[in-house]
Amino acid sequence: MRTYTTSQGDMWDGIAYEQMGDVSYTDALMNRNQAYREYYTLPAGVVLILPEPVTPPPASLPPWKQVN
């Protein structure tokens, strides 16, 4: 199990991008850490559990806008 300890001012999408490689993992990250969902900007020292990334990452565009 991978974890990430927040720094003051970390935001969900930034953590998803930096730790998992894509902002589309933001929902999965928040769902895995329900106790902190009410935070928009996280305080320092929160230990988050990182979900296992899937390959390819979840689509960030609706299917009709994706280019194959």
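Here are four short exercises on the predicted model above, each with a worked solution.

Residues are numbered from 1 along each chain as its sequence is written, and side-chain values use heavy atoms, leaving out hydrogens and water. Since this is a prediction, local features need pLDDT of at least 70 and side-chain atom pairs count only at pLDDT 80 or more, while totals for chains, interfaces and linings use all residues.

**Exercise 1.** Work out which elements the protein chain has and in what order they run.

*Solution.* Start with the parts list: two helices and four strands. Both are DSSP runs numbered from the N terminus, with helices being H or I of at least four residues and strands E of at least two. Now walk along from the N terminus, and you get β-β-α-α-β-β. Next, look at contacts, meaning heavy atoms within 4.5 Å. Of those with a separation of 6 or more, 62% join residues 24 or more positions apart.

**Exercise 2.** Find where Thr6 sits and what its side chain reaches.

*Solution.* First locate Thr6: it's in the loop between strand 1 (3–5) and strand 2 (10–11). Then check its cover. Buried means under 20% relative accessible area, exposed over 50%, and partly exposed in between (1.4 Å probe, protein chains only). Thr6 has 5%, so it counts as buried. Last, follow the side chain, which reaches the backbone oxygen of Pro43 at 2.5 Å. Setting aside neighbours within four places in sequence, the contacts of Thr6 include Ile15, Leu42, Ala44 and Val46.

**Exercise 3.** Now do the job for Thr26: is this residue buried or exposed, and what does it touch?

*Solution.* Thr26 belongs to helix 2 (residues 26–32). Its relative accessible area is 14%, so Thr26 is buried. A polar atom of its side chain lies 2.6 Å from the backbone oxygen of Val23. Not counting residues up to four places away in sequence, Thr26 touches Trp12, Asp13 and Ala16. For the wider picture, buried residues make up 26% of the 68 residues in the protein chain.

**Exercise 4.** Explain why the aromatic pair in this structure is called tilted.

*Solution.* A search of the whole structure turns up one aromatic pair. Its members are Tyr36 and Tyr39, with ring centres 6.3 Å apart and planes at 35°, so the pair is tilted. Here's the rule: rings of Phe, Tyr and Trp (its six-membered ring) pair if their centres lie within 6.5 Å, and planes under 30 degrees apart count as stacked, over 60 as edge-to-face and the rest as tilted. As for cover, Tyr36 is partly exposed at 28% relative accessibility, and Tyr39 is partly exposed at 34%.

How values were computed:
A polar contact is a pair of N or O atoms within 3.5 Å; within protein, one must be able to donate a hydrogen and the other to accept it, and residues adjacent in sequence count only if both atoms are side-chain atoms.
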